[in-house]
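Subject: Structure for you to look at

Hello,

Here is the structure I promised to pass on. Please open it first, then read my notes below.

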Amino acid sequence: MTATTSGSGSPVGLRAALAQVPDYVAGRPAPVVEGLTTYKMSSNENPYPPLPSVVGVIAEAATEVNRYPDMAVTDLVQALADFIGVPHDHISTGTGSSAVLSQLINATCDEGDEVVFAWRSFELYPIATAIAGAKAVRVPLTPDHRHDLDAMAAAITDRTRLVIVCTPNNPTGTSVHRDELEAFLAKVPPSVLVVIDEAYVEFVRDPDTPDALELYRTHPNVAVLRTFSKAYGLAGLRIGYAVASSEVTAALRRTALPFGISVVAEEAAVASLAAYDELDARVTAVVAERDRVVAALTAQGWELPDSQANFVFFPLGPAGAAFEQACYDAGLVVRRHGDEGVRVTIAEPEANDRLIRVAGAFDRSSIQPG
């Protein structure tokens, strides 16, 4: 057998599909600027550390890391089942909801199958699709930066295996409304899995936004993704989960990396669920800060999408590069999404105040939609 060689002279044969995988660009760390406190506002992290009670649990669990964790993640699965009121075999956990989504795509797609999602949306979607050898079908957002569910339904073909609905949408922050989603689900063939990605659901205050768990209960082809990374402030421990039919969660367990979730992550998540009321107070504070920032930016003349997440989106078009640099010069790291716009996490009040000042001084005359 003749080995395939790469341009670097390596004899290792790699999958051709990898050439189609876009790079995931992580948020840059905050720069070091002498005499200036800098802030990372590029990764939608929670500005609050874990609760003291959760930190105590993490410290205690760390003494057990010489042992393999429980592969079935029994304690967390049962805690989640009790917390959200679903059968325990309808829950599957993973190293972040991103990993669970990748498992769902691998479980449903063969080479050449299709995954439909809005664009722009979460950057992992085209990456995970390409790694599976499937085809990404990107459906443009509406002019008001929301999912075009009618167009997404029309994009479904006999090769479509999975559709992703991100609500609130990352990076625009907009949510899908109940009537829209019900009408959309009525058009989707029952053989197509609809994944509703609710990574930011705890920050939603729009009464027209549905709880996707209600739809999972009435639509067997709906899977719901949630995470402990955002509202719960456990991004560094990498833990998320899916709620779906037992058939789907069984497939997720088959595609999971054994022992992927550490004992530290599991115990921290269980403790966080037990302390949900305290955490919810922090989420409420983040939402209040989001509303304060949006009100200040609106008063400056900015027209922003209606964010229901813990970030705001500036639809700057090509002017996003200049805005990103202006923020960086002020000690703020933000996230530019090509020529569509810039996403900024709601962070500490001091960081948000500085963002408001930068936005107020920015020359908006050059802004053209991307």
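Start at arginine 120, which lies in the loop between strand 3 and helix 4. A cis peptide bond joins tryptophan 119 to arginine 120, with omega at about 20 degrees. Keep in mind that this is a predicted model.

A second cis bond links asparagine 170 and proline 171; its omega is about 25 degrees. Proline 171 sits in the loop between strand 5 and helix 6 (178-187). For context, most residues other than glycine have a negative phi, and most peptide bonds are trans.

Two loop residues deserve a look for their phi. Histidine 145 has a phi near 70 degrees, a positive value in a residue other than glycine. It lies in the loop between strand 4 and helix 5 (149-154). Histidine 145 is partly exposed, because its relative accessible area is 22%. Arginine 238 also has a positive phi, near 55 degrees, and is not a glycine. Its place is the loop between strand 7 and strand 8. With a relative accessible area of 34%, arginine 238 counts as partly exposed.

The sheet

In what order do the 7 strands of the open sheet run? The order is 2-8-7-6-5-3-4, and the pairing is mixed. Strand 2 (91-94) and strand 4 (135-140) stand at the edges. Each has a single partner strand, so one side of each has no neighbour in the sheet. From one strand to the next, the twist averages 25 degrees.

At one edge, strand 2 runs antiparallel to strand 8 (residues 240-243), and 4 bridges join them. Threonine 93 stands opposite tyrosine 241 in strand 8.

At the other edge, strand 4 holds valine 137. Valine 137 is buried, because its relative accessible area is 16% and the cut-off for buried is under 20%. It touches Glu114, Val115, Val116, Phe117 and Ala155, leaving aside residues up to four places away in sequence. Valine 137 and glutamate 114 are 23 residues apart in sequence, yet their C-alpha atoms are 6.6 Å apart in space.

Now strand 6. Is it enclosed or open to the outside? 5 of its 5 residues are buried, so strand 6 is largely enclosed by the rest of the structure. Leu193, Val195 and Asp197 point one way, Val194 and Ile196 the other way. Strand 6 pairs with strand 5 in the parallel sense, over 5 bridges. Isoleucine 164 stands opposite valine 195 of strand 6.

The helices

Helix 3 (residues 97-108) lies across strands 2, 3, 5, 6, 7 and 8. It runs at about 155 degrees to strand 7.

Helix 4 (residues 124-131) is mostly covered, with 7 of its 8 residues buried. Those buried are Leu124, Tyr125, Pro126, Ile127, Ala128, Thr129 and Ala130. They pack against helix 3 and strands 3, 4, 5 and 6. Just after helix 4, glycine 133 takes a positive phi of about 80 degrees.

In helix 2 (residues 74-84), the buried residues include Leu76, Val77, Ala79, Leu80, Ala81 and Ile84. Their cover includes strand 2, helix 7 (212-218), strand 7, strand 8 and helix 9 (263-274). Glycine 85, just after helix 2, has a positive phi of about 75 degrees.

Threonine 249 is in helix 8 (residues 246-255). At 0% relative accessibility, threonine 249 counts as buried. What does its side chain reach at 2.6 Å? The partner is the backbone oxygen of aspartate 89. Threonine 249 touches Asp89, His90, Ile91, Ser92 and Ala244, leaving aside residues up to four places away in sequence.

Cysteines

How many disulfides does a search of the whole structure find? The search finds 0. Cysteine 109 is in no disulfide; the nearest cysteine sulfur, that of cysteine 166, is 18 Å away. Cysteine 109 counts as buried, at 7% relative accessibility. Cysteine 327 is also buried, with a relative accessible area of 0%.

The record

An unreviewed UniProt entry places the feature "domain: Aminotransferase class I/classII large" at residues 40-356. That span is 40% helix and 17% strand. Its end C-alpha atoms lie 15 Å apart.

Best wishes

Definitions and conventions
Residues are numbered from 1 along each chain as its sequence is written. Side-chain values use heavy atoms; hydrogens and water are left out. Buried means under 20% relative accessible area, exposed over 50%, partly exposed in between (1.4 Å probe, protein chains only). A polar contact is a pair of N or O atoms within 3.5 Å; within protein, one must be able to donate a hydrogen and the other to accept it, and residues adjacent in sequence count only if both atoms are side-chain atoms. Contact means heavy atoms within 4.5 Å. UniProt positions are given in the numbering used here, feature names are shortened, and annotations may be inferred rather than shown by experiment. A disulfide is a pair of cysteine sulfur atoms within 2.5 Å. Two strands pair if DSSP finds at least two bridges between them. Axes are lines fitted to C-alpha atoms, for helices over the stretch in contact, and angles run from 0 to 180 degrees between N-to-C directions.
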